[in-house]
Amino acid sequence: MQKFEKLSSQLLNERDKLRQKIHKLKNRKNVDLNQKTCKTCGKEFLESENFNWSCKTHRYQFSGQMWWCCGKTKKDAPGCKFAKHFCRDEEEEDKDNEFGEK
Ligand SMILES: [Zn+2]
Ligand SMILES: [Zn+2]
(Lines give C-alpha, C1' and ligand atoms only; values in the text may rest on other atoms or scores of the structure.)
(Ligands and ions follow the chains in the order given, each with its own letter.)
Protein backbone atom coordinates (compact mmCIF):
# COMPACT_ATOMS: atom_id res chain seq x y z
CA MET A 1 0.00 0.00 0.00
CA GLN A 2 2.86 2.36 0.84
CA LYS A 3 4.49 1.58 -2.47
CA PHE A 4 1.37 2.54 -4.28
CA GLU A 5 1.13 5.85 -2.44
CA LYS A 6 4.72 6.65 -3.31
CA LEU A 7 4.09 5.86 -6.95
CA SER A 8 0.96 7.98 -7.17
CA SER A 9 2.65 10.96 -5.50
CA GLN A 10 5.52 10.57 -7.96
CA LEU A 11 3.06 10.62 -10.81
CA LEU A 12 1.43 13.74 -9.40
CA ASN A 13 4.82 15.41 -9.21
CA GLU A 14 5.54 14.52 -12.81
CA ARG A 15 2.19 15.90 -13.85
CA ASP A 16 2.83 19.17 -12.02
CA LYS A 17 6.22 19.48 -13.68
CA LEU A 18 4.67 18.86 -17.06
CA ARG A 19 2.01 21.45 -16.36
CA GLN A 20 4.63 24.01 -15.42
CA LYS A 21 6.53 23.23 -18.60
CA ILE A 22 3.44 23.70 -20.73
CA HIS A 23 2.64 26.92 -18.90
CA LYS A 24 6.14 28.23 -19.60
CA LEU A 25 5.92 27.20 -23.25
CA LYS A 26 2.58 28.95 -23.59
CA ASN A 27 3.98 32.12 -22.10
CA ARG A 28 6.94 32.01 -24.44
CA LYS A 29 4.67 31.43 -27.42
CA ASN A 30 2.67 34.51 -26.53
CA VAL A 31 5.79 36.63 -26.48
CA ASP A 32 6.82 35.33 -29.89
CA LEU A 33 3.36 35.93 -31.28
CA ASN A 34 3.29 39.51 -30.06
CA GLN A 35 6.69 40.22 -31.52
CA LYS A 36 6.36 40.80 -35.23
CA THR A 37 8.71 41.86 -37.96
CA CYS A 38 7.70 44.89 -39.98
CA LYS A 39 7.64 44.31 -43.73
CA THR A 40 8.27 47.99 -44.35
CA CYS A 41 11.33 48.72 -42.22
CA GLY A 42 12.36 45.18 -41.26
CA LYS A 43 12.43 45.99 -37.55
CA GLU A 44 10.88 43.86 -34.84
CA PHE A 45 7.99 45.46 -33.03
CA LEU A 46 5.29 44.74 -30.50
CA GLU A 47 1.69 45.11 -31.56
CA SER A 48 0.99 46.90 -28.28
CA GLU A 49 3.63 49.50 -29.17
CA ASN A 50 2.67 49.92 -32.78
CA PHE A 51 1.64 53.55 -33.16
CA ASN A 52 1.01 55.67 -36.22
CA TRP A 53 4.54 57.07 -35.95
CA SER A 54 6.40 53.89 -34.97
CA CYS A 55 7.56 52.94 -38.46
CA LYS A 56 9.98 55.47 -39.84
CA THR A 57 10.95 55.09 -43.45
CA HIS A 58 11.90 57.32 -46.37
CA ARG A 59 9.67 58.11 -49.27
CA TYR A 60 12.49 57.91 -51.81
CA GLN A 61 15.73 56.02 -52.29
CA PHE A 62 19.11 56.93 -50.87
CA SER A 63 21.08 58.31 -53.81
CA GLY A 64 24.50 57.55 -52.35
CA GLN A 65 24.92 61.05 -50.92
CA MET A 66 21.50 61.85 -49.47
CA TRP A 67 17.88 60.86 -49.19
CA TRP A 68 15.92 62.47 -52.02
CA CYS A 69 12.84 62.87 -49.85
CA CYS A 70 14.23 64.86 -46.92
CA GLY A 71 17.83 65.74 -47.84
CA LYS A 72 19.39 63.87 -44.91
CA THR A 73 22.93 62.89 -45.74
CA LYS A 74 23.38 59.85 -43.52
CA LYS A 75 22.13 56.56 -44.84
CA ASP A 76 21.03 55.48 -41.36
CA ALA A 77 19.23 58.76 -40.70
CA PRO A 78 15.79 58.23 -39.18
CA GLY A 79 12.99 58.14 -41.72
CA CYS A 80 10.97 61.21 -42.59
CA LYS A 81 7.78 59.29 -43.26
CA PHE A 82 5.96 58.05 -40.16
CA ALA A 83 3.51 55.19 -40.31
CA LYS A 84 2.39 52.11 -38.45
CA HIS A 85 4.51 49.01 -38.67
CA PHE A 86 3.10 46.67 -41.23
CA CYS A 87 3.08 42.91 -40.89
CA ARG A 88 1.74 40.84 -43.75
CA ASP A 89 1.75 37.59 -41.76
CA GLU A 90 -0.92 39.05 -39.55
CA GLU A 91 -3.29 39.57 -42.46
CA GLU A 92 -2.71 36.06 -43.72
CA GLU A 93 -3.44 34.68 -40.29
CA ASP A 94 -6.69 36.60 -40.19
CA LYS A 95 -7.70 35.12 -43.53
CA ASP A 96 -6.96 31.63 -42.27
CA ASN A 97 -9.16 32.27 -39.26
CA GLU A 98 -12.01 33.35 -41.50
CA PHE A 99 -11.74 30.13 -43.43
CA GLY A 100 -11.66 28.16 -40.20
CA GLU A 101 -14.90 29.69 -39.02
CA LYS A 102 -16.75 28.89 -42.22
ZN1 LIG B 1 8.21 49.35 -39.54
ZN1 LIG C 1 13.53 60.88 -46.02
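In describing the metal sites, donors are taken to be N, O and S atoms within 2.8 Å of the metal (3.2 Å for Na, K and Ca), and because water is not among the atoms, sites may look incomplete. The structure is a predicted model, in which local features need pLDDT of at least 70 and side-chain atom pairs count only at pLDDT 80 or more, whereas totals for chains, interfaces and linings use all residues. Residues are numbered from 1 along each chain as its sequence is written, chains are lettered from A and ligands numbered from 1 in the order in which they are written, and side-chain values use heavy atoms, with hydrogens and water left out.

The zinc ion (ligand 2) has as its protein donors His58 (ND1), Cys69 (SG), Cys70 (SG) and Cys80 (SG), which lie 2.0 to 2.4 Å from the ion. The angles subtended by these four donor atoms run from 101 to 118°, and the arrangement is therefore tetrahedral, a term applied to four donors if all angles lie between 85 and 135 degrees. Along the chain, the donors of this zinc ion (ligand 2) follow the spacing H-x10-C-C-x9-C. Cysteine 69 and cysteine 80 both lie in the loop between β3 (55-57) and β4, so the pair ties together parts that are eleven residues apart in sequence; strands are DSSP runs of E with at least two residues, and helices are runs of H or I with at least four, numbered from the N terminus. Cysteine 69 is partly exposed, at a relative accessible area of 24%, and cysteine 80 is partly exposed at 25%, where buried means under 20% relative accessible area, exposed over 50%, and partly exposed in between (1.4 Å probe, protein chains only).

For the zinc ion (ligand 1), the protein donors are Cys38 (SG), Cys41 (SG), Cys55 (SG) and His85 (ND1), at 2.0 to 2.3 Å from the ion. This site is also tetrahedral, with angles of 106 to 114° among the four donor atoms, and the donor residues are spaced C-x2-C-x13-C-x29-H in sequence. Distant parts of the chain are linked by cysteine 41, in the loop between β1 (35-37) and β2 (44-46), and histidine 85, in the loop between β4 (81-83) and α2 (88-101), the two being 44 residues apart. Cysteine 41 is partly exposed, with a relative accessible area of 25%, whereas histidine 85 counts as buried at 11%.

Definitions and conventions
Four donors count as tetrahedral if all angles lie between 85 and 135 degrees; four count as square planar and six as octahedral if opposite donors are over 155 degrees apart and all others between 65 and 115; anything else is irregular.
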